[in-house]
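Hi everyone, thanks for having me. Today I'd like to walk you through some side-chain contacts, so please have the picture open in front of you.

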Amino acid sequence: MSTTPSQPVAEESQRERRQTIVNDFSIQVATPNGSGSQSSNNVLMRSIFQMGIPVSGKNLFPSNIQGLPTWFTIRVSKDGYVGRKKEIDILIAMNPQTAREDVENLEPNQVVIYDEPLKLAKIRDDLTFYPVPFTDLAGQVISNVKLKKLVANMVYVGSAAELFGIDMEQVEAAIGKWFEGKPKAVDFNVKAARLGAEYVRDNLEKRDPYQVKSMNATQGKIIIDGNAAAALGCLFAGATVMTWYPITPSSSLCETLIDYLNKYRLDKDGKATFAVIQAEDELAAVGMAIGAGWAGARSMTSTSGPGISLMSEFVGLAYFAEVPCVIFDVQRVGPSTGLPTRTSQGDVSSLYYLSHGDTKHLVLFPASMAECFDFAGRSFDLAERFQQPVFVASDLDLGMNNWMADPFDYPDKPYDRGKVLTAEDLDKVEQFARYRDVDGDGIAYRTLPGNDNPRGAFFTRGSGRNEQARYSERPEDYINQLERLARKHRTARKYVPQPLLEEPEGAQIGIIAYGSTDVAMPECRDQLRQEAGVETAYYRIRALPLCDDLRDFVERYRDIYVVEQNRDGQMADIIRLEVGENSPKVHKIVHFNGLPIDARFISDAILEREKSVGN
């Protein structure tokens, strides 16, 4: 490499930069929305993954379609931490609109790779700048103005590869995978990446500490997003009816499932054995799903918070009429339409209590790609076992970002269709009463349309009724029904995914989290242990209703910190109701700025409170 344009760098900073940092840094790429950077960012991330290094990527994009700023962050971690890292170590500045602010927000001694015409090196003298003429280099690959902008993105991939030691063979393999079946696109982008690498090699001197070296920590793993994993889970779970209305960030779940259904759910004559309906709104979508569930199909819909609000009345009907269906809620920031492309866990309370009256639902909280797949399947079993809507509460961070994952296990259990009486079953029972608690678990037996035994007929109604499903406003009948529904809810505690516990010796405080917050917990707990000598126990909630052992967990520890991504600490409030006299032990750690939570935020918040109370 030749000498780069020099920048004054403090002597102390120079010493720090000589200490090589291998496989432990973050990259942020700043581009205008709609500039086609998705391809290059994913190629950059996948190239590092293919070198065996744990990596995660997050796309932070605006809700408006064209021109506004987009950031893509890549976390490279030899220790396997895949949560968001708040600090940016390397900035690739491609967006003139945000370049100055992006640079000004960096901590000292960090690295900036930028489009040369932006002249960012004038802004600060405590950073390492690498100017690269991205657009000019892209012009050597292709003359078309529009395509040149796209190809320029791949130039920064090549430049970063040369600077940090990313294997160019892996870069080219990743380009081939991303543009599979498009040989011209592969050719253009490989040339662009090579030009970027050559420019760095011939014109710049490496002056930063960051370096990538091959590991063996990703062998056998895949990269997938949560919505695709959930769609695959629905396919394996036997979903045959999907109704939906598009809404960010849930749309890709249905779009992916449609692709799977069209490929794998055809009969021998090529005819579809499924139904997909794009409804006029979310209320219609869930109504159709409930109707299909009543008829015996495994039916589902997906939406986000605003759609959940619209579905409220129909969900209440299905709860009281006891009709199964599955509803995926890929949460985003609210209230109202909020920030539709930002992540949140703000729908917890509304999902648990959605609709009118004394209503409580089953809610599953996946925290990984494996659980997005697995909980999709389990939600259909639970919906049929308990004959009611079941929610799967993912969020934008899980649903739309790419994550490393182990390949999913092939389901090895038959579907649980619950308490369904066939025509032959009805001949064996003394009397069929649709809403009678025969077994004492609150779950009544049902029959399905098409059952030709006349003893199995009943009238499905959302109004007052008795055990025989006959209309009734008698107080004792209504009390009997609501108490049975509450009993059924308590039974569900043993059927929903059970919590996961880690209780190391010496821990005096406990942490409770759920969903995508979990990805930051291993790093947070390591920080508390290594930096402050604080050992912690950990309890990960995976479903509502809460399980019986929660009370014992809270009882065992001096203080409990509930970490979640909403303003009011919605899960903490539910826990406080559950643990009664121990509720003063429960403290809220809340994060609600729309960005995925990071480990440092949690550990700092816990240590601050511990210090403030003298622990």
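Let's begin with Tyr-478, which is partly exposed, its relative accessible area being 42%. Keep in mind as we go that this is a predicted model. Tyr-478 is one half of an aromatic pair, and the other half is Phe-320. Two aromatic rings are described by how far apart their centres are and by the angle of their planes. Here the centres are 6.1 Å apart and the planes make 45 degrees, so the pair counts as tilted, neither under 30 nor over 60. Where do the two residues sit in the chain? Phe-320 belongs to helix H11, residues 305-321, and Tyr-478 to helix H16, so this contact links distant parts of the chain, 158 residues apart.

Now stay with Phe-320 for a moment. Is Phe-320 buried or exposed? At 11% relative accessibility, Phe-320 is buried, because the cut-off is under 20%. Phe-320 has another partner too: Arg-465 lies over the face of its ring, 4.1 Å from the ring centre. You can find a similar arrangement at Phe-458, where the charged end of Arg-434 sits over the ring at 5.3 Å from the centre.

How many aromatic pairs are there in the whole structure? The search finds 14. There is also an aromatic cluster, made of Phe-236, Phe-373, Phe-408 and Tyr-410.

Next come the salt bridges, and the structure holds 46 of them. Take Glu-172 and Arg-194, whose side chains meet at 2.8 Å, N to O. Glu-172 is in helix H6 (residues 168-178) and Arg-194 in helix H7 (residues 183-203), so their bridge ties together parts 22 residues apart in sequence. Both ends are partly exposed: Glu-172 has a relative accessible area of 23%, and Arg-194 comes to 41%.

Compare that with Arg-493 and Asp-548, where the closest N and O atoms are 3.7 Å apart. Both of these residues lie in loops, and the pair ties together parts that are 55 residues apart in sequence. Arg-493 is buried at 16%, whereas Asp-548 is partly exposed at 42%.

One more pair: Lys-588 and Asp-573 form a salt bridge, with 2.9 Å between the closest N and O atoms. Lys-588 is in strand E22 and Asp-573 in helix H19, 15 residues apart.

Finally, which residues join up in a network of salt bridges? They are Arg-298, Asp-381, Glu-384, Arg-417 and Arg-446. Thanks for listening!

Terms used: Residues are numbered from 1 along each chain as its sequence is written. This is a predicted model: local features need pLDDT of at least 70, side-chain atom pairs count only at pLDDT 80 or more; totals for chains, interfaces and linings use all residues. Side-chain values use heavy atoms; hydrogens and water are left out. A salt bridge is a side-chain nitrogen of Lys or Arg within 4 Å of a carboxyl oxygen of Asp or Glu. Helices (H or I, at least four residues) and strands (E, at least two) are DSSP runs, numbered from the N terminus. Buried means under 20% relative accessible area, exposed over 50%, partly exposed in between (1.4 Å probe, protein chains only). Rings of Phe, Tyr and Trp (its six-membered ring) pair if their centres lie within 6.5 Å; planes under 30 degrees apart count as stacked, over 60 as edge-to-face and the rest as tilted. A charge sits over a ring if NZ of Lys or CZ of Arg is within 6 Å of the ring centre and within 35 degrees of the ring normal.
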